[in-house]
Amino acid sequence: MRGDYNTVWQDCTVEFNEGESGGEVYPEELRNILGPLMYRLSVYDTEKVIIHEFLHVALDKDYQSGRPFSGPAQHPQINRILIRILNYREPCNPADLDQKA
Ligand SMILES: [Zn+2]
């Protein structure tokens, strides 16, 4: 991934919250929050979820500064990165967990 994405990766937190329904991302605060749905996923799928949420933050830094965050608008690009660049297998979002983002 690009160097500036690596910088975002280093600054991002991945948190766990029992009360979170699926996954939530707060791009402005560089926070990704995952919930108990992760218990049902394999390590491989959990990796995809963490990278998915991280990419929301990285793409937000890149393209959407100053505009309202729109997670769904980023999904095509996130999916391309996961499958074509990072070589993950589909589905891109195994738990379909960020209905809000
Ligand atoms: Zn998403």
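Is Leu 30 buried, exposed or partly exposed, and why? Leu 30 counts as partly exposed because 18 C-beta neighbours lie inside 10 Å. The scale works like this: a residue is buried if 20 or more other C-beta atoms lie within 10 Å of its own, exposed if 12 or fewer, and partly exposed in between, with C-beta atoms placed from the backbone.

**Ground rules**

This is a predicted model, in which local features need pLDDT of at least 70, side-chain atom pairs count only at pLDDT 80 or more, and totals for chains, interfaces and linings use all residues. Residues are numbered from 1 along each chain as its sequence is written.

The term pLDDT is the predictor's confidence in each residue, from 0 to 100. The protein averages a pLDDT of 83. A score of at least 70 is reached by 85% of the residues. Among the elements, β1 has the highest mean pLDDT, at 93. Helix α1 (residues 3–11) has the lowest, at 81. Where pLDDT is low, the predicted coordinates should not be read in detail.

**The overall plan**

The protein has 3 helices and 3 strands. Helices (H or I, at least four residues) and strands (E, at least two) are DSSP runs, numbered from the N terminus. From the N terminus on, the order is α-β-β-β-α-α.

Of the 101 residues, 25% count as buried. Contacts link parts of the chain too. Two residues are in contact if their C-beta atoms, placed from the backbone, lie within 7 Å. Take the contacts between residues at least 6 apart in sequence: 55% of them join residues at least 24 apart.

**The sheet**

The 3 strands form an open sheet in the order β1-β3-β2, with mixed pairing. Strands β1 (13–16) and β2 are the edges, and each pairs on one side only. From one strand to the next, the twist averages 20°. Such angles run from 0 to 180 degrees between N-to-C directions, and the axes are lines fitted to C-alpha atoms, for helices over the stretch in contact.

Two strands pair if DSSP finds at least two bridges between them. β1 and β3 are parallel, over 4 bridges. β2 and β3 are antiparallel, also over 4 bridges. The table lists some residues that stand opposite each other.

| Residue | Partner in β3 |
|---|---|
| Glu 15 | Ile 33 |
| Phe 16 | Leu 34 |
| Glu 24 | Ile 33 |
| Val 25 | Asn 32 |

Now look along β3, where the side chains alternate. Asn 32 and Leu 34 point to one face and are buried. Arg 31 and Ile 33 point to the other face and are not buried.

**The hairpin**

Return to Leu 30. This residue lies in the loop between β2 (23–26) and β3 (31–34). The two strands form a hairpin with 4 residues between them. Within the hairpin, Leu 30 takes a positive phi near 55°. Most residues other than glycine have a negative phi, and most peptide bonds are trans.

**The core**

Which residues make up the largest nonpolar core? There are 9: Val 8, Val 25, Phe 54, Leu 55, Val 57, Ala 58, Leu 59, Ile 78 and Leu 82. α2 and α3 each supply at least two residues of this core. The largest share, 5 residues, comes from α2. A nonpolar core is a set of buried Ala, Val, Leu, Ile, Met, Phe, Trp, Tyr and Cys residues joined through C-beta atoms within 7 Å. Val 25 therefore has two roles to notice: a place in this core, and a position opposite Asn 32 in β3.

**After the third helix**

Asn 87 is found in the segment after α3. Its phi is near 60°, a positive value in a residue other than glycine. Asn 87 counts as exposed because it has 7 C-beta neighbours inside 10 Å.

Pro 91 lies in the segment after α3 (71–85). The peptide bond from Glu 90 to Pro 91 is cis, with omega near 0°.

Tyr 44 has its place in helix α2 (residues 43–63). With 10 C-beta neighbours inside 10 Å, Tyr 44 counts as exposed. How far apart are the C-alpha atoms of Tyr 44 and Tyr 88? They are separated by 8.8 Å, although the two residues are 44 apart along the chain.
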